[in-house]
Amino acid sequence: MACTSCSTSDGGAPKGCKNNGTCGTDSCNKLTVFDWLSNMSLPNGEAPFDCVEVRFKNGRKEFYRNTEKLTLSIGDVVATEASPGHDVGIVTLTGELVKIQMKKKGVNHNSAEIPKIYRKASQKDIDIWSDSRDKEEPMKVKARELAIAHKLEMKISDIEFQGDGSKVTFYYTANDRVDFRLLIKDYAREFSVRIEMKQVGFRQEASRLGGIGSCGRELCCSTWLTDFRSVNTSAARYQQLSLNPQKLAGQCGKLKCCLNYELDTYMDALKDFPDFETKLKTEKGDAICQKQDIFKGLMWFAYTDNFANWHVLNIEQVKEIIAENKQNKKVSSLEDFAVETVAEPEKDFNNAMGQESLTRFDQPRKSKNRNKNRNRNKAKATNAAPNAAPKEGGQKPQNQTRAKGERSDAKPQGKKPVIIKKNENKK
């Protein structure tokens, strides 16, 4: 669904969107709804739906009524009603799908409180809007410095200018109630603009800023998730997850929303299981459940006097033992009902090609010093050969030393071998 500006380049790397949130096709933005009714025409005499969906900064969407009967399409920049002045946004959805989205969000399309669209944005409106967007980052840095100077336990997470530049909204997060009356006065004196403070939750902050989750994908709250259901630690217990806050918490610091995705499946599977706290009474003693496999239908029990030895039982066998216990009868032992576990055959693998070696692809290093010494010895041997030749009719002098590394039995080229005798009398 991406537009042509996001296609891959010649080298295979993605170009990336250079529109900075003002894409004309609106196909790269988060929480986008595909208009699958765009190619269908309305019946004769049927008027198009008079409400449209408009997107603002960071995926904030609102519904507006098209009272002027403007011809609007997805990607048009419009000036909408605001208090005070007007705001500038991008149309993201038109037609009958807007009615379905309003019903999903609980907005009555017949209400008179729905704001209206003034006009399509002119070039002057777009210039003022873009200039205001450029001021947001440096203003956010200065706003955080002022909040720290007042020693307030709050965090300015984001700033959003109104389209006409007459008002700016500061989004902040805080654990407790914050008295920021003096802070607003400093903001108004520093920025010379109308100030509005809006507190958001930690989940809403993560959805506005976005990020990458532990799964390696974009955060669900910033891409498609719009309703934030409460997540409890019981959801992790039902799914038999380790209660580790570092693993269960998301970037917002709260429990991950994805813990609720498969919770219904686990709850349906647990309906056939006996209670985890059930005790089985046998002649050898009472047994307590230690572990259970939800999808295989297995439960592990251990005697109270021997917790190290576990016995695997099917849930049908467990229910049978529970029925016997309700009649005040004890079974002989858990071993009579235990499931026989078949040991997996060991894989016999012969390392014939050295595939288990971690260094099998590493090439052996060649000794550079050995090659240098070999070449040096050859050069010395060739230089010493003419000097070592005996004179005519004489023998090689006794004090003549041979080249380093030269063998005593080496045969010089074209001459008889010279034998050097050691002086046995010399000590």
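The legends below describe several close-up views of one predicted protein model.

**Figure 1. Overview of the predicted chain and of the confidence in it.** Residues are numbered from 1 along each chain as its sequence is written, and side-chain values use heavy atoms, with hydrogens and water left out. Because the model is predicted, local features need pLDDT of at least 70 and side-chain atom pairs count only at pLDDT 80 or more, whereas totals for chains, interfaces and linings use all residues. The protein chain has 11 helices and 12 strands (helices are DSSP runs of H or I with at least four residues, strands are runs of E with at least two, and both are numbered from the N terminus). Of its 427 residues, 31% count as buried, where buried means under 20% relative accessible area, exposed means over 50%, and partly exposed lies in between, using a 1.4 Å probe and protein chains only. The mean pLDDT, which is the predictor's confidence in each residue from 0 to 100, is 80 for the protein chain, and 74% of the residues reach 70 or more. Over residues 391–401 the pLDDT is below 50, and this stretch has 7 contacts in the model beyond near neighbours in sequence (a contact means heavy atoms within 4.5 Å). Residues 408–412 also have a pLDDT below 50, with 4 contacts beyond near neighbours in sequence. Where pLDDT is low, the predicted coordinates should not be read in detail.

**Figure 2. The loop residue N66 and its surroundings.** N66 lies in the loop that joins strand 2 (61–65) and strand 3 (77–81), and N66 counts as buried because its relative accessibility is 8%. Its side chain reaches the backbone oxygen of L70 at 2.8 Å, which fits the limit for a polar contact (a pair of N or O atoms within 3.5 Å; within protein, one must be able to donate a hydrogen and the other to accept it, and residues adjacent in sequence count only if both atoms are side-chain atoms). When residues up to four places away in sequence are not counted, N66 touches D50 and L72.

**Figure 3. The open sheet of strands 6, 7 and 8, with helix 4 across it.** These 3 strands form an open sheet in the order 6-7-8 with mixed pairing, where two strands pair if DSSP finds at least two bridges between them. Strand 6 and strand 8 are the edge strands, each pairing on one side only. Neighbouring strands of this sheet are turned by 25° against each other on average, direction ignored. Strand 7 and strand 8 run parallel and are joined by 6 bridges, and the bridge partner of F170 in strand 8 is M197. Helix 4 lies across strand 6, strand 7 and strand 8, and runs at about 140° to strand 8 (axes are lines fitted to C-alpha atoms, for helices over the stretch in contact, and angles run from 0 to 180 degrees between N-to-C directions).

**Figure 4. The largest nonpolar core.** A nonpolar core is a set of buried Ala, Val, Leu, Ile, Met, Phe, Trp, Tyr and Cys residues joined through side-chain atoms within 4.5 Å. Of the 20 residues in this core, M154, I156, V168, F170, Y187 and M197 touch the most other members. The elements that give two or more residues to this core are helix 3 (136–149), strand 6 (155–161), strand 7 (167–173), helix 4 (181–191) and strand 8 (194–199), and helix 3 gives the most, with 4 residues. Leaving aside neighbours within four places in sequence, Y187 is in contact with several residues, including A143, L146, I156, F170 and M197. A second, separate core of 19 residues includes Y266, A287, Y303 and L334.

**Figure 5. Helix 5 and the residue that follows it.** In helix 5 (residues 202–209), the residues R203, E205, A206, S207 and R208 are buried. The buried residues of helix 5 pack against strand 6, strand 7 and helix 6 (220–223). Just after helix 5, G210 takes a positive phi of about 80°.

**Figure 6. The open sheet of strands 9 to 12.** This sheet of 4 strands has the order 9-10-11-12, and its pairing is antiparallel. The edge strands, each pairing on one side only, are strand 9 (279–282) and strand 12 (306–314). Strand 9 and strand 10 (residues 285–293) pair over 4 bridges, and A287 in strand 10 is the bridge partner of L280. Helix 10 (residues 315–326) lies across strand 9, strand 11 (298–303) and strand 12, and runs at about 105° to strand 12.
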